[in-house]
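Some labels given to a structure rest on a cut-off, and it helps to see how a value is set against it. The questions below take up a few such labels in turn.

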Amino acid sequence: MIPSLPRSPAQRALPWGYAALFFAFLFLPLAVVAVFAFNDAPYPAPPWRGFTLDWFTGGGRRTGLFADGPLLHSLWTSTLVAAWVTLLAVAVGTTNAFLIERARFRGRAALSLLMLAPLVIPGVILGISILAFASRVAQFADDMFGLELDFLRPGLPLVVLGQFSYIVAIATLTIGARLQRFDTTLEEAAWNLGATRPAVLWTITLPYLKPALLGAAAISFLMSFENFNTTLMLAGAEPPLTVLMYGRMREGASPVLNAVSLFLMIASALLALVLMRGGLRAPRAP
Amino acid sequence: MTAPPGAPDLETRAIVKRFGGHAAVAGLSFAVARGSFFSILGPSGCGKTTLLRMIAGFQQPDAGEILIGGRAMAGVAPNRRPVNMVFQHLALFPMMSVAENVAYGLTRRGVARAETARRVEAMLERVGLPGAQARRVHELSGGQKQRVAIARSLVLEPTLLLLDEPLGALDLKLREHMKIELKQLQAAFGTTFVYITHDQSEALVLSDQVAVMNAGRFEQVGSPQALYYEPLTPFVAGFVGANNRLAGQATAVNGDIVELVTPQGLVLRARRRGSIAAGDAVEAYVRPEVALLARDAAALPPGHPVLQAAVDSLLFDGANSAVLLREARTGLELRVALPQTGQFADLRVGETVAVTFDPERAVCFRSGAQGG
Amino acid sequence: MAEARYPRLMLALLLAPALLWLLGLIVLPHVELAVLSLRARIAPRVYETSLAQYRTFIEEPLYWHTFVRTAVLSVLATALTLLLAFPIAWTIAKIAHGRSRSLLFVLCLIPFWVSETVRTLGWMILLRESGVVPQALVALGLAATPPELLYHDATILVGLVYTSLLFMVVPLIGALDTLDDALIEAAYDLGGSGADILRRIIIPHAAPGITAGCIVVFMLTVGNYLTPTLLGGKNSLWFTEQIYTQFITRFNWEQGAAFGFLLLVLSTAIVWAGLKLAGQRFGDVMRRT
């Protein structure tokens, strides 16, 4: 059971055996995707026909990743959307955290619960509800003022808003948790030493929050990049990567998708490494 | 702008602070002379922290005035008062180095970099941490952190330095050492220190003046010696220093001396404090070092009531050794300090000894007396 | 303690983004959805309030059949995820120490940083007829021709479980971490068997984490679109697919809204039931994940 209790050699090996199987299961699909990015065949399927970089660089009739216009564009679109979502989520997440942890007003408890609601609403519903509402507002603007509000049609602004609507809740939780543990006597001390309120915020509180801000940013970026359900409902003419890949996978996957997947895997791993370095450790470490 | 010479650095006039229906600070008026070390001594919950926070500006009094350096502080924000504070848990900024901590106030004021660095260096030298600029807060020992906290405040040359039980978190030896350091620092800098604590030993050792606080009021303000030898109320007598409390009824009052009898019938004499009439319920206080011990009553100085008592337990504590005695007839308990000559080092539990004390050196109050 | 009693202006500034977000992106859109779902088109551009959409749901076997199927499979997926995740969470929380523990934890996280599309692509490559597993089965002589492993219910379950594992593992680790080893040692010392300790000590203690994990996994599963459609093909019969079809393909927003609301009700009901069952509070559970 636990190391301090007597266990037979079989019992001791069991957890590790299970772990090995578990991680094999976990990484099998990813490994397969990675491997078949290099297969010299028109489809990502066995048998293995030789190593090639065609799916990256292109060759013969094959459009490699770096030449696939729409794919690259969607990669860029996803990055752009993720950047915006991250910016908004961290900013609003910070104001929310201060609102919930510091301010005192009636209905604060209710508001803090309401902020968690987006996390229990299926992404699809978030998508369609925002789509419907935006359409209604756009209709209203058109009827009332004759305004053509393009950003309310399916497209990137709506995608950003849709992802933001629940990612900001996660950012709020992350930043709020850290703010809660902040020792307010530090702020009093700074105040006592002559700092103005804004200076206290800038020189003491925000530097303390920095790890949480960075963590929230990293999580927001990742979650935005890989979001599908909400994005699917709100995407317009320029689909982000996940939506584009889905479309192609339904028609018949080409190994170019493997190539872009491998690229994503490496990028995620790098981002994760930065996160690790920055201090996101396994739970319970101070 | 400094106050006219001779004016107190801190003065309060009838300040009151209420929380709900309860007055944490009930109409306090006092003044602290320039350059002195003033302690406010009291048990937890007596309101001393509230008082300190009002002086610092973190809380506003419900009534009354606070003047620092002669200026009224009503409506003045904490960061604008000529007051700095050393917090109970020090509140050093963990994300900054020692130099950045000490320089913080100067930087906020816009002092030039070179000048700031110079002053930080000078201050660190004066508090005994030369060259510690680059160290991180978590690398420092308890005593070193104390010194950084003090340096951080003193570098701003405040009129008043407030200290909120700063030695509480330190272990005994370090605390004893820091008491001496604080006293020396205050003398060297000449800044007025206002120090709050519940530890009467700290207050006595460090201060020029001590105010004993209880339930929002000062029971007595005076020099440590005055508090120790001439307590004005039963609370002060019991709180400052160790004391034996003997309750009873006054049977006769002859001038300054009160004769009282305990419920068990023991007759004692003590010096009167305040007005006492025969028949009043009274409390007498005898300090452990005031009582005299002898193996044989004949060895004691004549003229004072002698008690026979058995040794209940021996409390060996080096030079602070004491013995708990139980009076033979009435069972009254008495704590008596053992003389430091080692005369009674061979005392055994169960032995009978003779005890007496000079009534002039014991004080007696009417029960429930409150000081002024 | 200095309570930050913010001046009015500051409070208003802080409230503004929060209220804009909650009202503009959550509350009002859902109101709009509700309104839509209660509408029926009786003539071009003419609408009336009616329960027609919901009636269609009840009357049309395809719809409620899909709904129930989605719910049942989601429960099944949640249970399987719990079973698979528990041992690994136990290992990480209780058995591994120091660096191996951090390593294991990171290993769990990694697959979830890549998009679900990538993971599903992997499963497709593995399981489809021309894929790795069927070919391997043939090569090992276990099958004559490569079997089509996609487009079965079991396939969908595998995909769903795979995708949900992390969200079960993290709360479990959080809950098991707080279990003092001394409790298990004491129980063992008093003669408890492994099964008994599991039942009477470990599971009750881990209950909050189990609840949190199950709620999140169920929610994600019920609302999943990608995995069921790609791995289940035309036979997937997943309710989110119906929503998508109505909204995007058929442009029947009213119907889609009604379905959306039904899904929301299902999801909320299960979350609420799960919380009640375990005696937890919503806020606490959410903060664990």
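Q: In this predicted model, what makes the charged end of B:Arg152 count as sitting over the ring of B:Phe93?
A: The charged end of B:Arg152 is 4.6 Å from the centre of the B:Phe93 ring, and because the cut-off for the distance from CZ of Arg to the ring centre is 6 Å, that part of the test is met; the other part asks for a place within 35 degrees of the ring normal, and B:Arg152 is indeed assigned a position over the ring.

Q: How do you know that A:Arg178 belongs with A:Tyr208 in the same way?
A: A:Arg178 lies over the face of A:Tyr208 at 4.0 Å from the ring centre, which is within the 6 Å allowed.

Q: Why is the pair of C:Phe57 and C:Phe239 called edge-to-face?
A: The structure holds 31 aromatic pairs over all chains. In the pair of C:Phe57 and C:Phe239 the centres are 6.0 Å apart and the planes stand at 80°; since pairing needs centres within 6.5 Å and edge-to-face needs planes over 60 degrees apart, both conditions hold, and therefore the name applies.

Q: What makes this a link between distant parts of the chain?
A: C:Phe57 lies in helix α2 (residues 52–59) and C:Phe239 in helix α11 (residues 239–249) of chain C, 182 residues apart. Both residues are buried, and they belong to one aromatic cluster together with C:Tyr63, C:Phe67 and C:Phe259.

How values were computed: Residues are numbered from 1 along each chain as its sequence is written. Chains are lettered from A and ligands numbered from 1 in the order in which they are written. This is a predicted model: local features need pLDDT of at least 70, side-chain atom pairs count only at pLDDT 80 or more; totals for chains, interfaces and linings use all residues. Side-chain values use heavy atoms; hydrogens and water are left out. Rings of Phe, Tyr and Trp (its six-membered ring) pair if their centres lie within 6.5 Å; planes under 30 degrees apart count as stacked, over 60 as edge-to-face and the rest as tilted. Helices (H or I, at least four residues) and strands (E, at least two) are DSSP runs, numbered from the N terminus. Buried means under 20% relative accessible area, exposed over 50%, partly exposed in between (1.4 Å probe, protein chains only).
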